Amino acid sequence: MDWIKCVGKQSQDTALAGGVAGCVAGLETGCVAGAGVGGFGGALGGAVVGMKNC
């Protein structure tokens, strides 16, 4: 169960960072779309990293 929590935390943290980065990158076209894409990509990337590191 700790491994699942660890992967989830890693995914959540990276999703947040990805959402912020996506929002900044997408300011010209609107923050929401960029934040959604960045957050989704960040969550996936964080889950993969978490699976390796946890």
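Which pattern do the disulfides of the protein chain follow, with bonded cysteines counted along the chain? The pattern is 1-4, 2-3, and a search of the whole structure finds 2 disulfides, each a pair of cysteine sulfur atoms within 2.5 Å. This is a predicted model, in which local features need pLDDT of at least 70 and side-chain atom pairs count only at pLDDT 80 or more, while totals for chains, interfaces and linings use all residues. Residues are numbered from 1 along each chain as its sequence is written, and side-chain values use heavy atoms, with hydrogens and water left out.

One disulfide is formed by C6 and C54, whose sulfur atoms lie 2.0 Å apart. The pair links distant parts of the chain, 48 residues apart, with C6 in helix α1 and C54 in the segment after α2; helices here are DSSP runs (H or I, at least four residues), numbered from the N terminus. Because the torsion about the S-S bond of C6 and C54 is about -75°, this disulfide is left-handed.

The other disulfide joins C23 to C31, with 1.9 Å from S to S, and the link of C23 and C31 is likewise left-handed, with -120° about the S-S bond. C23 has 19% relative accessibility and so counts as buried (under 20% relative accessible area, with exposed over 50% and partly exposed in between; 1.4 Å probe, protein chains only), whereas C31, at 29%, counts as partly exposed.

Between α1 (2-25) and α2 (31-53) runs a loop that contains L27, and this leucine counts as exposed because its relative accessibility is 58%.

Key. Helix = DSSP H or I, 4+ residues; strand = E, 2+ residues; numbered from the N terminus.
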